[in-house]
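Me: I should like to understand how the labels attached to a protein structure are justified. Please take me through the reasoning step by step.

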Amino acid sequence: MTQSTTDPNAVIIGVDTHKDTYAAVAINGLGARLGDRIIPTTQAGYQQLLEWAKTFGVFAAFGVEGTGSYGKGLSQFLRRQGLKVVEVSRPCRRGQQRLQGKDDLLDAEDAARQVLAGQATATPKSSEGGVEMIRILKAARDTAVKAQTQVIVALKVIIVTADAALRAQLESLSTPQLVKACAQLEVGTLDTPMATMRYALAAMAKRWTQLHDEIETHTQHLTTLAQAAAPELVQAFGIGTDTAAEMLITFGDNAERVHSEAAFAKMCGVCPIPASSGKTQRHRLNRGGNRQANAALFRVVIVRMRWHQPTQDYVARRIAQGLSKREIIRCLKRYVAREIYHIIRKSTPLPKCLT
């Protein structure tokens, strides 16, 4: 059972999360501090927090920092108990907050007061379904891609220092040809710098191949999961598996938490920001939001500007109106965000209680 945060008797618990401990502070609907507690980040600690909170009365909400990282386990535990959990941003380190100092209990109290004031209203991702599976797989794939890039860059750097004959043999090859040629280098006893170089090149080429196979496997699994979650999204022009996965991760398993396309655009950092002054009326690029989602939208726009005739017609029309390429891309990212929002919401309709 929960109460409204406007009820003077309501209890709001703010939680500052860390790897080993949580700091919790309880306040009532009038803002009076009721108590505080430090608990371990274990299942037993979650239960201790719940039992401690019950001593103050009926809950209105739990304001939890880091619901996607250190606070994820606690958020899931509380949601399973049927309690309201609100995602809270970390405290601002400027102005008055800076003068008040900082410690874990102060941060926990600030989290509770953000909920009380209505500054924190976001619903955390549930992280208990197919999208969470996509997030985990994508993290594994992204690290493999990064490692593969590092390997090929290092391999090409080593080739620059090779003797003239080996360098001439390898330097002009494309990446697949280069990897194949290096993997086939004869390796004998490591008794000279040249022999050691051939050994290192062969080892790095084999590592690149292993990472390539790993990436392909991850991609196949991601494609299957993304198609199951939002088949129409994967089939949209310019949106591949990677972009679809990033968009689904941005929404989370409980897509109903994103209440409008404008909210989704703000999450992705593609909502226009007014930058007008005097006679100048304009908007500027948004530097906030989820930058990975923003980059994914940018890739979709670039593909469509190159290959999608309706997008090309739009670009030509906006150029004639005097807009710059950067402004046109900003507009297109907003349009793509709208399209993706409606596709995903169609795939995961609102619960009956919210319609």
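Reply: The questions below concern cysteines and surface patches in this model, which is predicted.

Me: How do you know that C268 does not form a disulfide with C271?

Reply: A disulfide is a covalent bond between the sulfur atoms of two cysteines. The pair must lie within 2.5 Å. The closest cysteine sulfur to that of C268 belongs to C271, at 9.7 Å, and therefore the two are too far apart for a bond. A search of the whole structure accordingly finds zero disulfides.

Me: Why is C268 called buried?

Reply: Its relative accessible area is 0%. Buried means under 20%, so C268 meets the definition.

Me: What makes C271 buried or exposed?

Reply: C271 has a relative accessible area of 18%. This value is also under 20%, and therefore C271 is buried.

Me: Which residues form the positive surface patch, and why is R282 called partly exposed?

Reply: The positive patch is formed by R282, R284, R287, R291 and R326. R282 is placed in the loop between β6 (273-274) and β7 (283-284). Its relative accessibility is 36%. Partly exposed covers the range between under 20% and over 50%, so R282 belongs there.

Me: Which residues make the nonpolar surface patch, and what makes Y199 partly exposed?

Reply: V187, L190 and Y199 make this patch of about 270 Å². Y199 lies in helix α8, which spans residues 193-229. With a relative accessible area of 42%, Y199 is neither under 20% nor over 50%, and is therefore partly exposed.

Definitions and conventions: Residues numbered from 1 in each chain as written. Predicted model: local features only at pLDDT ≥ 70, side-chain atom pairs only at ≥ 80, totals over all residues. Heavy atoms only, no water. Buried < 20%, exposed > 50% of the residue type's maximum accessible area, 1.4 Å probe, protein only. Patch = residues over 30% accessible without salt bridge, like charges linked within 9 Å, V, L, I, M, F, W, Y side chains within 5 Å. Areas by Shrake-Rupley, 256 points an atom, 1.4 Å probe, with all protein chains shown as cover. Salt bridge = Lys/Arg side-chain N within 4 Å of Asp/Glu carboxyl O. Lys, Arg positive; Asp, Glu negative; His and termini not counted. Charge placed at Lys NZ, Arg CZ, Asp CG, Glu CD. Helix = DSSP H or I, 4+ residues; strand = E, 2+ residues; numbered from the N terminus.
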